[in-house]
Amino acid sequence: MAESNHPVRTVGRTFEILEVIQELDGAGVSEIAERVDIGKSGVHNHLTTLTNCEYVDKEGDEYHIGLAFLGLGAYARNRTPIYDTAQGQADKLAEETGELVNLLVEKNGRGIYLYQAKGDNAVELDTHEGKRVPLHCTGLGKAILGYRSESEVEQVIEEHGLPRETPQTITDRDELHDELEEIRENRYAIDREERLNGLRCIAAPITDDDDRSVAAISVSCPVHRVGDERFYEDLPETVLAAANVIELEHNYS
């Protein structure tokens with residue numbers, strides 16, 4: 001994360017409070033104070049200001065993220081060029097496969113879900129538009145890392161590490177680099193239950209004119225329902241075709 005020479009501490013605390021509220025899906029003053037390094041009175045002052053500005057809603061003794069953030073989030077997403085380009089193809093891919101399709105971009109070494117499209121059989125997950133995830137344990141994130149320079153990959157590892165999410169998560173630096181080399185050979189990445197048990201994904205990078213990833217698109221499906229033949233033989237070609245169309249429109253439209 002980029003650091004300012006003169007960070008405003010109170011602003012940082014405000015966003016820590018908001019992230020706690022989101023993480024807990026609603027929280028009271030005491031819960032927030034336990035997680036943020038300020039007292040209850042300070043937490044209350046922050047929450048009062050946020051509530052007055054309609055960025056936080058109070059429901060009984062709990063505080064929740066307010067709808068005022070919806071406008072900001074929609075604005076931020078709509079000004080991301082790849083969103084307009086990829087949305088139609090993501091919808092088409094979800095309809096064609098019947099599964100969950102995700103579009104991910106990278107920001108400050110982490111992945112941010114930019115868009116989701118759901119087919120008729122799409123699985124319900126903990127992901128949502130705007131959710132941030134590590135890059136090393138998702139097919140989308142690995143697809144992005146596979147088309148970044150070695151120095152960029154190392155910077156991500158140094159800053160965020162390789163935390164284990166499931167028993168299948170890659171936590172070894174050399175193993176990750178080997179995986180990224182394989183991704184470059186195949187032009188797609190596989191998530192083998194590396195972030196969520198029982199879920200696997202096929203993801204393809206979306207690259208610019210210099211073959212540097214700007215996003216990735218994936219199809220996610222449960223292991224118990226989608227067999228190996230469809231997963232390893234059919235889905236890669238389908239996802240790659242969608243990524244190729246997005247790339248052409250993004251780079252040449």
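Axes are lines fitted to C-alpha atoms, for helices over the stretch in contact, and angles run from 0 to 180 degrees between N-to-C directions. The model analysed here is predicted.

Helix H7 spans residues 150-160 and helix H8 spans residues 173-186. Their axes come within 12 Å and cross at roughly 140 degrees. Angles over 145 degrees count as roughly antiparallel, and 65 to 115 as roughly perpendicular. H7 is therefore oblique to H8. The crossing of H7 past H8 is right-handed. On the H7 side, the contact is made by Glu 150, Val 153, Glu 154, Ile 157 and Glu 158. H8 contributes Arg 173, Leu 176, His 177 and Leu 180. Four residues of this contact are nonpolar, one is polar and four are charged.

H8 also packs against H6. Here the angle is about 80 degrees, and the axes lie 9 Å apart. H6 and H8 are therefore roughly perpendicular to each other. Lys 142, Ala 143, Leu 145 and Gly 146 represent H6 in the contact. They meet Glu 179, Leu 180, Ile 183 and Arg 184 of H8. Leu 180 thus named for H6 packing is also listed in the contact with H7. By class, the H6 contact with H8 has four nonpolar, one polar and three charged residues.

A further helix pair lies towards the start of the numbering, with H1 at residues 9-24 and H3 at residues 40-52. The axes of H1 and H3 come within 10 Å and cross at roughly 80 degrees. This makes H1 and H3 roughly perpendicular to each other. From H1, the contact takes in Thr 10, Arg 13, Thr 14, Ile 17, Leu 18 and Ile 21. Their partners in H3 are Val 43, His 46, Leu 47 and Leu 50. The contact of H1 with H3 divides into six nonpolar residues, three polar and one charged.

The interior was also examined for enclosed space. The structure holds one cavity of 30 Å³ or more. About 90 Å³ of space lies in the largest cavity. Its lining comprises 14 residues. Tyr 113, Asp 191, Leu 199, Cys 201 and Ser 220 lie nearest the centre. Three elements give two or more residues each to this lining: helix H6 (139-146), strand S7 (199-207) and strand S8 (213-222). Six lining residues are nonpolar, six are polar and two are charged. H6 thus appears in the cavity lining and in the packing against H8.

Key:
Residues numbered from 1 in each chain as written. Predicted model: local features only at pLDDT ≥ 70, side-chain atom pairs only at ≥ 80, totals over all residues. Heavy atoms only, no water. Helix = DSSP H or I, 4+ residues; strand = E, 2+ residues; numbered from the N terminus. Parallel < 35°, antiparallel > 145°, perpendicular 65-115°, else oblique. Left-handed = near helix turned anticlockwise from the far one by under 90°. Contact = heavy atoms within 4.5 Å. Nonpolar A, V, L, I, M, F, W, Y, C, P; charged D, E, K, R; others polar. 1 Å grid on protein atoms, 1.4 Å probe; cavity = no way out; pocket = protein on both sides within 12 Å on 5 of 7 lines; lining within 4 Å. Points joined across faces, edges and corners; volume = space filled by probe spheres on them.
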